[in-house]
Number of protein chains: 4
Amino acid sequence: MRKTISIAPGLGLGGDQFVVMAGPCAVETRELLLAAAEAVAAAGAGMLRGGAFKPRTSPKSFQGLGVEGLRLLAEASARTGLPVVTEVMDPRDVEVVAEHATMLQVGSRNMQNFPLLREVGRQRKPVLLKRGAAATIDEWLAAAEYVLQEGNPDVVLCERGVRGFDGSTRYLLDLAAVPVLQRRTHLPVVVDPSHGTGDAGLVPAMAKAAVAAGADGLLIEVHAAPEIALCDGKQALRPAEFAQLMSELRRLVPLVGRRWSRPLAAGQATAVDAAGSGSHRIPPNLGSFDDEVIAP
Amino acid sequence: MRKTISIAPGLGLGGDQFVVMAGPCAVETRELLLAAAEAVAAAGAGMLRGGAFKPRTSPKSFQGLGVEGLRLLAEASARTGLPVVTEVMDPRDVEVVAEHATMLQVGSRNMQNFPLLREVGRQRKPVLLKRGAAATIDEWLAAAEYVLQEGNPDVVLCERGVRGFDGSTRYLLDLAAVPVLQRRTHLPVVVDPSHGTGDAGLVPAMAKAAVAAGADGLLIEVHAAPEIALCDGKQALRPAEFAQLMSELRRLVPLVGRRWSRPLAAGQATAVDAAGSGSHRIPPNLGSFDDEVIAP
Amino acid sequence: MRKTISIAPGLGLGGDQFVVMAGPCAVETRELLLAAAEAVAAAGAGMLRGGAFKPRTSPKSFQGLGVEGLRLLAEASARTGLPVVTEVMDPRDVEVVAEHATMLQVGSRNMQNFPLLREVGRQRKPVLLKRGAAATIDEWLAAAEYVLQEGNPDVVLCERGVRGFDGSTRYLLDLAAVPVLQRRTHLPVVVDPSHGTGDAGLVPAMAKAAVAAGADGLLIEVHAAPEIALCDGKQALRPAEFAQLMSELRRLVPLVGRRWSRPLAAGQATAVDAAGSGSHRIPPNLGSFDDEVIAP
Amino acid sequence: MRKTISIAPGLGLGGDQFVVMAGPCAVETRELLLAAAEAVAAAGAGMLRGGAFKPRTSPKSFQGLGVEGLRLLAEASARTGLPVVTEVMDPRDVEVVAEHATMLQVGSRNMQNFPLLREVGRQRKPVLLKRGAAATIDEWLAAAEYVLQEGNPDVVLCERGVRGFDGSTRYLLDLAAVPVLQRRTHLPVVVDPSHGTGDAGLVPAMAKAAVAAGADGLLIEVHAAPEIALCDGKQALRPAEFAQLMSELRRLVPLVGRRWSRPLAAGQATAVDAAGSGSHRIPPNLGSFDDEVIAP
């Protein structure tokens with residue numbers, strides 16, 4: 001029996017419930033964040049992603065807005081009704097991140113940062129644990145055990161590509177990890193085709209492939225203006241590209257025995273924004289969503 | 001404009017035409033080969049695969065039946081109407097293989113066997129060129145150039161997994177290679193999830209993922225009795241498993257803008273057989289293959 | 001001009017000074033630690049290694065003695081005169097580790113733990129930065145920049161193997177990283193053949209190879225009784241094996257333009273232990289060391 | 001007991017005998033080949049390497065001079081007294097290559113070209129079998145079995161780097177393969193630091209490391225004028241660089257229990273040439289070669 005993690009009213013991940021988490025790589029400005037958040041909400045995403053604390057290869061790169069970024073994420077969440085998933089890198093920041101976000105992300109570089117894993121294991125929030133670029137499946141599951149052992153059962157595993165030898169893609173997305181994990185663990189598995197390829201032009205194909213492989217969700221980078229992004233603009237979809245991908249995913253998801261999951265608040269929030277009437281759960285361009293595909 | 005390779009009357013590969021090639025890893029006995037061939041024909045495959053010359057890691061392993069295996073493949077082809085794709089390893093065998101088969105396979109270990117590539121380039125038969133386990137996309141395309149340069153334009157590229165570091169799967173199937181190749185070449189791209197995972201239990205998920213990623217076809221190992229296979233039994237689907245996968249693929253293929261392609265002779269061959277025996281080897285629900293999906 | 005880091009009176013690392021750091025993987029008991037420490041001091045090591053905080057793949061494995069382990073390391077250092085290098089995993093532990101040790105090790109799993117790198121960058125202690133198992137040379141140097149940028153210029157880079165595809169060795173020791181780094185940075189480079197192979201039987205060959213490749217030092221696991229080790233016993237040398245290796249290294253080091261470096265205190269400490277006379281800096285079995293090979 | 005392969009009078013490889021094989025990547029012109037051959041003979045090489053049939057990634061690259069190249073190699077061998085090792089790629093060329101060369105090289109791309117392995121196994125000439133870029137040690141030894149099984153016991157294994165993820169070097173030289181192989185097989189093991197790094201500046205360090213790791217020999221590219229080489233000029237040493245490396249290797253080889261092996265004919269050839277010309281092609285700094293280390 002595969003586990004369903006309850007994230008917010010109406011929003012479950014795992015079992016037969018499928019969730020798309022989308023948003024910018026990093027929180028850069030209030031305007032850019034809100035634009036991305038509203039676009040992904042309108043296109044049917046179930047969660048908002050965005051980084052306030054950014055693990056950058058070089059200390060000279062933009063490092064994120066920190067706590068100010070967390071506040072902006074919380075504001076975007078309130079406006080769109082989408083719960084937030086955001087990365088925490090430092091055990092000393094776990095509490096403040098947990099105050100502002102619904103799901104705590106442990107990034108690829110920290111998959112074996114054991115003090116951090118223990119600290120997120122002590123929170124009562126779901127944890128998104130990305131695979132390390134050189135981690136075997138066994139090592140990844142052992143890292144998840146650090147969280148579980150502290151009493152937090154809600155771990156979501158995220159495949160995001162391992163180190164490969166061909167520079168054609170930034171990482172080598174290992175989609176076979178999805179069915180392999182589903183044999184070995186009851187935990188949900190999501191896929192990040194944005195980091196897994198490093199190339200926006202490859203994201204739609206690999207997002208669809210991840211769904212067909214049986215993933216429980218996707219983590220996709222969307223930026224209102226990728227050409228000015230401070231972080232990973234090359235791999236971010238534009239809002240229109242994301243909406244197009246979402247319309248294709250809606251047809252695919254039911255074919256693999258999943259149903260689309262979205263928070264109740266997303267409908268309410270967008271309804272208010274759209275008309276203040278409370279009657280339109282979903283903006284007009286989503287009118288073709290039927291009840292089977294998208295849970296209320 | 002992506003290239004469509006015409007393989008047999010009614011059967012094209014590439015462009016919007018999607019082909020499943022299926023059959024045993026190796027030709028072992030006449031009975032086992034025919035059983036597999038009829039099963040894959042009945043389930044809707046477009047081509048029969050099977051090895052007469054087997055590149056085995058150890059000289060102590062079964063090396064294939066050689067020319068006798070080619071004759072059996074030709075017989076199975078005549079009975080099922082499915083054209084045959086089979087591997088050639090030695091430049092001195094290219095002519096005899098070309099006499100018996102429709103498509104010449106150059107295996108992963110021989111991707112940079114340049115004398116062999118030149119020899120298959122001199123034939124007027126389509127060539128299936130598998131990716132080497134350590135080959136970059138650029139090296140793979142350069143290998144294809146050896147075939148093209150000899151005057152043979154009909155090269156199909158086959159992703160079959162690269163060497164990875166995690167023993168959970170035999171190879172690491174690099175599905176992002178599919179959209180990467182589609183940017184760089186007009187040649188069709190197929191995927192072999194059987195070698196790409198080495199594990200029959202993972203083949204259905206990865207076959208579906210390959211289709212969703214945009215592959216033009218699949219190469220799938222099917223054995224009438226995997227438990228007694230002399231070669232790679234662990235990765236072969238049973239006929240019933242293959243039929244189940246095919247029914248799922250039929251729903252998926254049209255979602256990515258492809259249509260199912262099968263040789264005209266496949267219908268005729270089975271019709272003759274069926275009429276002679278009074279038993280319908282091809283189930284009725286495939287009789288109504290229509291242009292849209294092949295739905296029942 | 002390559003940098004020499006001054007570690008203790010008489011002990012420099014880099015430039016023409018070569019240092020062997022040796023000791024157990026983990027501090028387990030006082031007796032085992034002192035036995036290993038005295039053995040490596042007697043054999044000519046320049047520093048004592050040993051883990052008090054252990055980053056273990058599984059939470060069920062021995063996690064180290066923590067602060068008690070640090071105290072034992074400090075005691076072993078006082079007895080042998082060897083400065084201690086030990087790992088720190090948690091930014092909150094950096095200060096207590098810095099109180100007890102001379103050199104702070106950042107392990108492979110934490111190479112991109114940026115909060116930790118910043119914290120060790122704020123200490124006035126040399127830092128040993130191990131390469132991540134999937135890290136390129138560029139990523140590794142960028143990680144070192146995090147330490148340097150905080151004002152700590154004393155970073156030693158440690159190659160310890162990257163993830164390879166062949167289970168014959170635990171990791172794939174990338175010795176070409178040594179001359180590659182020496183082109184790109186002035187920082188000293190040491191090699192850990194113990195983790196780099198995971199196999200005590202391969203350590204002597206790879207230790208000698210590292211010296212011949214131009215490494216400025218070695219990090220070698222030595223355990224008084226590997227068969228009862230709680231951590232990585234398979235890769236630990238016994239004291240007699242280590243002494244034999246050291247005698248071979250002494251002949252090799254001068255051939256590549258380096259001289260053996262040891263702390264002044266090592267001689268004094270062992271002298272007291274050996275005879276209480278203060279006259280023998282080096283125990284009798286090291287009598288063949290000449291002044292050219294081992295600097296005073 | 002490790003095997004010694006007798007290659008020519010005075011020249012053995014394996015056991016305690018160490019051999020350097022050197023020369024250009026490809027035979028390009030008679031003048032360049034003879035210049036390189038004489039330079040490597042003068043510097044103390046035991047065998048001449050050079051490619052007549054070149055396996056090039058692209059069909060547009062220089063493919064070698066073929067049989068004309070073999071004739072030039074034979075001439076260079078006669079002039080220098082150095083036996084020739086050269087690559088054969090096509091089973092149909094094995095006989096002609098065997099007529100002109102002393103040792104048959106099977107390249108990395110053909111490690112699992114089984115028809116070729118069988119054909120060289122039928123010759124009575126030693127075979128140099130390079131490791132495939134994605135081959136495990138087990139697969140490599142199984143490939144050697146194809147040669148041995150045909151009745152040819154004289155296989156030399158050549159580590160030349162596996163596919164790695166860091167573009168800092170062309171391949172990742174796996175020196176731990178040397179001691180791993182020495183546990184598992186009695187066959188000699190040599191190392192090719194030229195292909196293993198792809199970078200002339202790294203060759204000396206890695207050549208020395210290979211010796212220290214216990215290799216039985218080296219394969220080193222030397223070109224009289226690397227800047228005009230048609231193939232792999234970037235990784236070729238100039239004659240003066242090679243001579244400098246050889247002088248360092250001479251000090252290192254005896255430290256790991258080996259003695260330098262050279263063919264009797266090398267001394268005679270150079271003696272004749274030298275006597276005829278009045279000029280000493282072997283520089284005085286080789287005068288210190290003693291009988292134990294370098295055979296006359």
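Where in chain D is D:Asp232 found? The legends below take that residue as their starting point and then move on to other parts of this predicted model.

**View 1. D:Asp232 in its loop.** D:Asp232 is found in the loop between strand S10 (217-221) and helix H9 (239-252) of chain D. Take a look at the backbone here: phi is positive, about 55°, although D:Asp232 is not a glycine. Is this aspartate buried or exposed? D:Asp232 is buried, because 21 other C-beta atoms lie within 10 Å and the cut-off for a buried residue is 20 or more.

**View 2. A:Asp232 in chain A.** Here the loop between strand S10 (217-221) and H9 of chain A comes into view, with A:Asp232 in it. The phi angle of A:Asp232 is near 55°, a positive value in a residue other than glycine. A:Asp232 has 21 C-beta neighbours inside 10 Å and therefore counts as buried.

**View 3. The contact between chains A and B.** Chain A brings 28 residues to this contact, and chain B brings 28 residues as well. On the side of chain A that touches chain B, helix H6 (177-184), helix H8 (203-213) and helix H9 (239-252) of chain A each supply at least two residues. Which helix gives the most to that side? The answer is H8(A), with seven residues. If you sort the chain A residues of this side by character, you will find 19 nonpolar, five polar and four charged.

**View 4. Helix H6 of chain A and its packing partners.** Five names are worth locating as you explore this helix: the buried residues of H6(A) are A:Ala177, A:Val178, A:Pro179, A:Val180 and A:Leu181. What do the buried residues of H6(A) pack against? Within chain A, their partners are helix H5 (137-149), strand S8 (155-159), strand S9 (189-191) and H8. Helix H8 (203-213) of chain B joins these partners, so to speak, from across the chain boundary.

**View 5. Chains A and C about their axis.** Chain A superposes on chain C by a rotation of 180° with 0.0 Å of shift along the axis, and the RMSD is 0.0 Å. That is the relation of a two-fold axis. To find the axis from chain A, start at A:Ala134, the residue of chain A that comes closest to it, at 2.6 Å (C-alpha). Both copies use the same surface, as 100% of the contact residues of chain A recur in chain C.

Methods: Residues numbered from 1 in each chain as written. Chains lettered and ligands numbered in written order. Predicted model: local features only at pLDDT ≥ 70, side-chain atom pairs only at ≥ 80, totals over all residues. Contact = placed C-beta atoms within 7 Å. Helix = DSSP H or I, 4+ residues; strand = E, 2+ residues; numbered from the N terminus. Nonpolar A, V, L, I, M, F, W, Y, C, P; charged D, E, K, R; others polar. Buried ≥ 20, exposed ≤ 12 C-beta atoms within 10 Å, placed from the backbone. Least-squares fit on C-alpha atoms with pLDDT ≥ 70 in both.
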